[in-house]
There are 2 protein chains.
Amino acid sequence: MGMGSLSIVGLGPGALDQLTPAARTAVEEAEVVLGYRTYLDLAAPLLAGKEIVAGRMTGETERAREAIARARAGRRVALVSSGHPGVYGMASLVLEILRDAGWRPGDAPAVTIVPGVTALGSCAALVGAPLGHDFCAISLSDLLTPWEVIARRLEAAAAADFVIGLYNPASTRRRRPLAEAHALLVRHRGLATPAAVVTDAFRGGQRAVVTTLERLLDEEIGMTTTVIVGSSRSFAFEGLLVTPRGYAEKYGRAGAGLSAEESR
Amino acid sequence: MGMGSLSIVGLGPGALDQLTPAARTAVEEAEVVLGYRTYLDLAAPLLAGKEIVAGRMTGETERAREAIARARAGRRVALVSSGHPGVYGMASLVLEILRDAGWRPGDAPAVTIVPGVTALGSCAALVGAPLGHDFCAISLSDLLTPWEVIARRLEAAAAADFVIGLYNPASTRRRRPLAEAHALLVRHRGLATPAAVVTDAFRGGQRAVVTTLERLLDEEIGMTTTVIVGSSRSFAFEGLLVTPRGYAEKYGRAGAGLSAEESR
């Protein structure tokens, strides 16, 4: 029995062509794979012959502990999630548990965090370039974070003119945080502010819409949706959302003549 | 001659095993590849037989126009950058130019944005799980953005307790924004705040350090460095940086007995 290893793997949005080779290898080489059922489904083509441990979404602590226990027992373990496993994911929980158990890097099990394309990054790519300037990610899940903390972050982000990515915007039963966040953002930014709503990025059922804050709540928004609210510099055109980096202002009107005259 | 296409491609941090299959395909299928020389070097193994158009870093507008012109002329073009091309990248500039030229989706050239693992995501994976809760990305490049705007964002992010990722933290000649940002963050967060400094993630010469705000400026920080400053909830242990998601607080002490007793 070997040393045992635990790879905490980001699968990206779910399409196999968005899965990095490193992530793919981590899953393929694992003997045991754990994850929420939806994420295991994303990795299904890679799981033949492996011991699969599925779990409920709210069983994160149990899943993390099971993954650690299997790795400590000498197995090669992959704990998978969508996107990047360190962005609101399992990686921080696993490391907290390990720290509390006195584990240190170099001890068994060997732990690796394998990055993936984040939900925010996947969704952004499908609607243009909304993340062209400073942005933030805020989770609207008030299961683990008091609403007052979330509201403070929304206020700060809005006041300082960040592009705002909303993770966990809503679920079937949890609608209020989104409604509150929407009201707050309308107060700061205005109804005409462009926003993108992307669901099931790079998967069957993908839906990507660019709209405005005025119409945001008309869209279907659920647990596989990411919402991106533009800054005061963001603009929408023809169904795309763009936040300028500033180059065009520096170099003059960006498309004039499509010539090289503004090049420095 | 075909319709012409322009893929704006994120190469990720630069290691081929962090390059998504979709990004690799976009580069492999291109006839013409444009990018800053450093990014072209990252993709070197994929470029045999292609027309390569290299450029200086500050020639972004020229590079974007050249890419558009080639695609309009019917070529298959890939415009590459590191990380995700829509995160402070070329995607917003290309779309601005296209918008100003009256282009609409469906017109030639076909435009695709191919996401990659962001610099922030790459660096985070190498130091643990600093992005476990709300975070923001702020560019310290004051070439294109007034310092007052940057400072306002730093203040807001610090006051609202975001984890803060600093892009373009410094260059050989541009040291002052980092010093000013550091002073501001020390005022808000305190000297003991943990921070990570990662340079050349997933590349030769990679360096990943977890330190504190007190010692941050002792580290070598340049254009290929990402700095991540923890929130008030982030903690460092054994060279790792972790920002809890909140699960552990919900479920009780995370590592107690490494048993399943806290599972709901």
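How many bridges join β12(B) to strand β13 (residues 240-242) of chain B, and in which sense do the two strands run? The points below take up this matter together with the confidence, the sheets and the helix packing of the model.

1. **Status of the model.** The structure is a predicted model. It scores ipTM 0.93 and pTM 0.93. For chain A the mean pLDDT is 91, with 91% of the residues at 70 or more.

2. **A region to read with caution.** Over residues 253-264 of chain A, pLDDT stays under 50. The model nevertheless has 28 contacts beyond four places in sequence for this stretch. Where pLDDT is low, predicted coordinates should not be read in detail.

3. **The three-stranded sheet of chain B.** To return to the opening question, β12(B) and β13(B) are joined by three bridges and run antiparallel. Within this pair, Phe237(B) is placed opposite Leu240(B) of β13(B). The two strands belong to an open sheet of three strands, ordered β6-β13-β12 in chain B, with mixed pairing. Its edge strands are β6 (128-129) and β12 (235-237) of chain B, each of which pairs on one side only.

4. **The ten-stranded sheet.** An open sheet of ten strands draws on both chains, in the order β10(A)-β9(A)-β11(A)-β8(A)-β7(A)-β7(B)-β8(B)-β11(B)-β9(B)-β10(B), and its pairing is mixed. The edges are occupied by β10 (207-212) of chain A and β10 (207-212) of chain B; each has a single partner strand, so one side of each lacks a neighbour in the sheet. From one strand to the next, the twist averages 15°.

5. **The junction between the chains.** Where do the two chains meet in the strand order? β7(A) is followed by β7(B) in that order. Strand β7 (residues 135-139) of chain A pairs with strand β7 (residues 135-139) of chain B in the antiparallel sense, over three bridges. One specific pairing can be named: Ala137(A) has Phe135(B) of β7(B) as its bridge partner. Helix α5 (residues 119-127) of chain B packs on the sheet, where it touches β7, β8 (163-167), β9 (194-199), β10 and β11 (225-229) of chain B. The direction of α5(B) makes about 65° with that of β11(B).

6. **Helices α3 and α4 of chain B.** Helix α3 (residues 60-72) of chain B packs against helix α4 (residues 90-100) of chain B at an angle of about 60°, and their axes are 10 Å apart. The two helices are therefore oblique to each other. The crossing of α3(B) with α4(B) is right-handed. On the α3(B) side, the contact is made by Glu60(B), Thr61(B), Arg63(B), Ala64(B), Arg65(B) and Ile68(B); on the α4(B) side, by Met90(B), Leu93(B), Val94(B), Ile97(B) and Leu98(B). By class, this contact of α3(B) with α4(B) comprises seven nonpolar, one polar and three charged residues.

7. **Helices α6 and α7 of chain B.** What is the relative orientation of α6(B) and α7(B)? Helix α6 (residues 147-159) of chain B and helix α7 (residues 176-189) of chain B pack at about 25°, with 10 Å between their axes. This angle makes α6(B) roughly parallel to α7(B). Their crossing is right-handed. Among the residues of α6(B) that meet α7(B) are Trp147(B), Leu154(B) and Glu155(B), and those of α7(B) include Pro177(B), Leu184(B) and His188(B). The contact of α6(B) with α7(B) divides into ten nonpolar, one polar and four charged residues.

8. **Helices α6 and α7 of chain A.** In chain A, the axes of helix α6 (residues 147-159) and α7(A) come within 10 Å and cross at roughly 25°. α6(A) and α7(A) are therefore roughly parallel to each other. α6(A) passes α7(A) in a right-handed crossing. The α6(A) residues in this contact include Ala151(A) and Ala158(A), which belong to a set that meets, among others, Glu180(A), Leu185(A) and Arg187(A) of α7(A). By class, the contact of α6(A) with α7(A) has ten nonpolar, one polar and four charged residues.

9. **Backbone features in loops.** The peptide bond from Ala108(A) to Pro109(A) is cis, with omega near -5°; Pro109(A) sits in the loop between α4 (90-100) and β5 (110-114) of chain A. In chain B, the bond from Ala108(B) to Pro109(B) is cis, with omega near -5°, and Pro109(B) falls in the loop between α4 and β5 (110-114) of that chain. Asn168(A), a residue other than glycine, has a positive phi, near 45°. Asn168(A) is located in the loop between β8 (163-167) and α7 (176-189) of chain A.

Notes:
Residues are numbered from 1 along each chain as its sequence is written. Chains are lettered from A and ligands numbered from 1 in the order in which they are written. This is a predicted model: local features need pLDDT of at least 70, side-chain atom pairs count only at pLDDT 80 or more; totals for chains, interfaces and linings use all residues. Side-chain values use heavy atoms; hydrogens and water are left out. Axes are lines fitted to C-alpha atoms, for helices over the stretch in contact, and angles run from 0 to 180 degrees between N-to-C directions. Helices (H or I, at least four residues) and strands (E, at least two) are DSSP runs, numbered from the N terminus. Angles under 35 degrees count as roughly parallel, over 145 as roughly antiparallel, 65 to 115 as roughly perpendicular and the rest as oblique. A crossing is left-handed if the near helix is turned anticlockwise from the far one by less than a right angle, and right-handed if clockwise. Contact means heavy atoms within 4.5 Å. Ala, Val, Leu, Ile, Met, Phe, Trp, Tyr, Cys and Pro count as nonpolar, Asp, Glu, Lys and Arg as charged, and the others, Gly among them, as polar. Two strands pair if DSSP finds at least two bridges between them. pLDDT is the predictor's confidence in each residue, from 0 to 100.
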